[in-house]
Amino acid sequence: MSRAVLSSGHSPCRKLRFAMSLVSPMACASVLLLCKDIYVLELAANVQLMGIAGTLLAVWATCCQVIVGYVLERNCLTRCFPWDSWGRRAPWYLTHLIAVAFATAAMYMPPSWDPFFLCWWYLAWGVLIAWLTAVLFNIFESSRGEIYPTKEERSEVETACKLAAGIGMVLGVLPQLAVSAHVTQTSLLLAGGGFFLVGLVSLVSVPVLQTARQVFDPSKVSDSFLGECRELLRLPALRHACAYRLLDSLINGLALNGALYYLTFVSGKKAIERSFYVGVLGLASGLATLIAMPFWTIFFRERREHVNPNAVCGRVTALGVFAPVILIVMRSLVPSPWEFVTYFAVLTGTFTGQTYWRANALWWIIDEDCHAEKGRRREALFVGCLSLISSMGTALSSGLLLNSLGLAGLKVINCAQTCLEFTGDAEASCREACDARKVEEQDPWVAICIDVFYLGVIPCIQLLAAYLTCSFPIHGKRLDLIYERQAESFKVVKVVEPTGAAIAPAGGKGMNDEPFGPMSVGARSDDEPRLNIPR
């Protein structure tokens with residue numbers, strides 16, 4: 001069925017508002033990525049204890065992903081937020097978005113700069129932020145397929161989502177760059193206040209999330225958490241996607257987390273200059289994404305017979321192995337860190353299509369599961385499972401990087417504390433000398449360790465990710481079958497526009513046409529129709 005027939009009926013404006021649901025979570029999640037590095041590099045938090053705290057937080061952030069998915073499927077908030085007007089996801093998003101705004105602000109308002117206290121402060125708030133952002137990201141992803149029925153429409157939305165995610169990252173990184181350039185109590189307070197305001201931006205998406213109301217039967221999700229997890233992992237396509245997500249998050253985690261250390265210990269940049277080049281990296285990455293986005297949007301928004309999208313995406317991803325060659329060659333041609341800026345842009349450009357591909361691959365798996373048993377919708381569980389694997393990769397990348405740098409002999413100094421007794425020009429001179437000492441006193445193995453990651457580890461992982469993309473099992477006739485069954489089962493939720501008119505586009509039924517009601521709780525019967533899904 002063509003995209004014009006099977007559609008959500010959302011206007012471009014509503015799709016943009018849906019994409020805005022990523023802005024606040026992306027900004028708040030960036031705190032977990034960069035705050036610990038600022039605590040270590042600028043406030044001299046204890047490296048060993050921060051490594052332990054980071055590991056514990058990584059374990060929690062990883063484990064809570066799949067728990068979040070199961071909790072979201074239990075519909076615990078329906079008593080306070082009726083399903084027929086709020087749906088399953090919007091209540092969770094509303095409550096957790098407000099909470100994460102407060103928690104993220106608190107992260108940048110530590111009452112003490114004691115090296116050990118900073119580690120415990122980061123861990124305490126990090127545990128809460130990890131849970132809250134896990135819920136928000138899960139809701140975004142699990143709502144997307146429930147609102148938008150086909151690869152073509154989901155890919156259109158993905159373009160807006162990439163822009164929204166970029167805006168969120170910018171809004172999350174800028175306050176932290178300001179703090180890293182000049183750490184004071186005032187800059188920390190301003191960063192915390194900024195994060196609170198940014199954390200509330202995505203409230204504009206709540207009305208759109210309320211339209212995620214596909215018919216479902218709550219009894220189809222069992223009371224056994226482990227039983228549901230085992231059932232999901234029996235799906236070969238999901239196991240394949242999990243393996244890919246692990247590698248994907250490893251690449252992104254190592255590339256992003258290592259950037260600050262590369263600029264500091266390889267390029268020798270300090271304070272404001274380093275913050276400037278972090279901004280340049282973001283601009284280069286954004287430019288590479290903007291250049292690649294039109295191609296991938298056009299590629300995914302149309303169905304092409306005899307073209308395997310998995311193979312196309314995998315081959316483009318494999319081109320990333322040339323990024324280290326560019327890094328080495330550019331070192332002799334341009335002043336540092338412009339060689340790293342070029343490397344980062346190439347890496348981003350070869351990976352842009354993967355955000356489209358992995359979203360569609362996930363929803364092909366989910367669509368198959370929904371079609372296999374009428375009334376069963378386990379989107380949040382699938383998203384939670386893949387998010388768990390993705391978090392494992394992110395945690396592994398963070399722990400691998402920090403522990404490797406620690407073993408290489410990384411030394412840290414709190415320049416703000418060291419220069420606390422000086423004022424005016426004397427303070428500026430003290431900070432400049434302290435920043436220079438941070439680089440000059442480092443063991444040469446620190447810079448070598450960082451180079452190993454960018455020249456060897458990341459390219460090897462990217463090659464494996466390209467192979468898994470090419471070999472993903474859902475394509476061809478199996479994908480055609482998903483389209484046919486999606487056209488038969490998708491129910492269009494009537495959209496109420498500001499004029500009060502209800503719109504139900506052609507190609508789907510309104511909620512009043514559901515076969516067993518919006519909140520059917522009937523027991524699962526043995527004669528229920530099931531579809532044979534290729535294994």
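This is a chat about the helices, cores and salt bridges of a predicted model.

Trainee: Hi! Can we start with H6? What span should its 33 residues have, and what do the end C-alpha atoms show?

Mentor: Sure. H6 covers residues 115–147, and at 1.5 Å a residue it should span 48 Å. The C-alpha atoms at its ends are 47 Å apart, which agrees.

Trainee: And where is the kink in H6 centred?

Mentor: On Gly126, where the helix has a kink of about 25°.

Trainee: Which residue caps the N-terminal end of H6?

Mentor: That's Asp114. One of its side-chain oxygens lies 3.0 Å from the backbone nitrogen of Phe116.

Trainee: How many of the residues of H6 are buried?

Mentor: 24 of the 33, so H6 is largely enclosed by the rest of the structure.

Trainee: I've been looking at Asn138 in H6. Buried or exposed?

Mentor: Asn138 counts as buried, because its relative accessibility is 1% and the cut-off is under 20%.

Trainee: Okay, so what does Asn138 touch in there?

Mentor: Leaving out residues up to four places away in sequence, Asn138 touches Gln65, Val68, Gly69, Leu72, Ala380, Val383 and Gly384. A polar atom of the Asn138 side chain also lies 3.1 Å from the backbone oxygen of Ala380. Have a look at Ser387 too: 249 residues separate it from Asn138 along the chain, yet their C-alpha atoms are 7.9 Å apart.

Trainee: Nice. Staying with H6, what about Arg144 and Glu141?

Mentor: Those two form a salt bridge, with the closest N and O atoms 2.9 Å apart. They are 3 residues apart in H6, which means about one helical turn lies between them.

Trainee: Why does that spacing suit a pair like this?

Mentor: An α-helix has 3.6 residues a turn, so residues three or four places apart point the same way. Both Arg144 and Glu141 are buried, by the way.

Trainee: How many salt bridges are there in the whole structure?

Mentor: A search finds 18. Take Arg331 and Asp451, whose closest N and O atoms are 2.5 Å apart. Arg331 is in helix H14 (residues 323–331) and Asp451 is in helix H19 (residues 444–470), so this pair ties together parts 120 residues apart in sequence.

Trainee: Are those two buried or exposed?

Mentor: Arg331 is partly exposed, at a relative accessible area of 33%, while Asp451 counts as buried at 17%.

Trainee: And which residues are linked in a network?

Mentor: Salt bridges link Glu73, Arg88, Arg89, Glu146, Arg377 and Glu379. Within that network, Glu379 and Arg377 have their closest N and O atoms 2.5 Å apart, and both residues are buried.

Trainee: Switching topic: what's in the largest nonpolar core?

Mentor: It has 80 residues, and Leu238, Tyr261, Phe340 and Tyr454 have the most contacts inside it. Helix H11 (residues 236–266) gives the most to this core, with 16 residues. A second, separate core has 63 residues, including Ala134, Leu136, Val183 and Ala380.

Trainee: What is Tyr261 in contact with?

Mentor: Setting aside neighbours within four places in sequence, Tyr261 is in contact with Asp37, Leu41, Val266, Leu401, Leu402, Leu405, Leu410 and Ile450.

Trainee: Last one: which residues of H10 are buried, and what covers them?

Mentor: In H10 (residues 225–233), Gly227, Glu228, Cys229 and Leu232 are buried. Their cover includes helix H3 (47–73), H11 and helix H16 (379–408).

Definitions and conventions
Residues are numbered from 1 along each chain as its sequence is written. This is a predicted model: local features need pLDDT of at least 70, side-chain atom pairs count only at pLDDT 80 or more; totals for chains, interfaces and linings use all residues. Side-chain values use heavy atoms; hydrogens and water are left out. Helices (H or I, at least four residues) and strands (E, at least two) are DSSP runs, numbered from the N terminus. The expected span of a helix is 1.5 Å times one less than its number of residues. The bend at a residue is the angle between axes fitted to the seven residues ending there and the seven starting there. Buried means under 20% relative accessible area, exposed over 50%, partly exposed in between (1.4 Å probe, protein chains only). A polar contact is a pair of N or O atoms within 3.5 Å; within protein, one must be able to donate a hydrogen and the other to accept it, and residues adjacent in sequence count only if both atoms are side-chain atoms. A nonpolar core is a set of buried Ala, Val, Leu, Ile, Met, Phe, Trp, Tyr and Cys residues joined through side-chain atoms within 4.5 Å. Contact means heavy atoms within 4.5 Å. A salt bridge is a side-chain nitrogen of Lys or Arg within 4 Å of a carboxyl oxygen of Asp or Glu.
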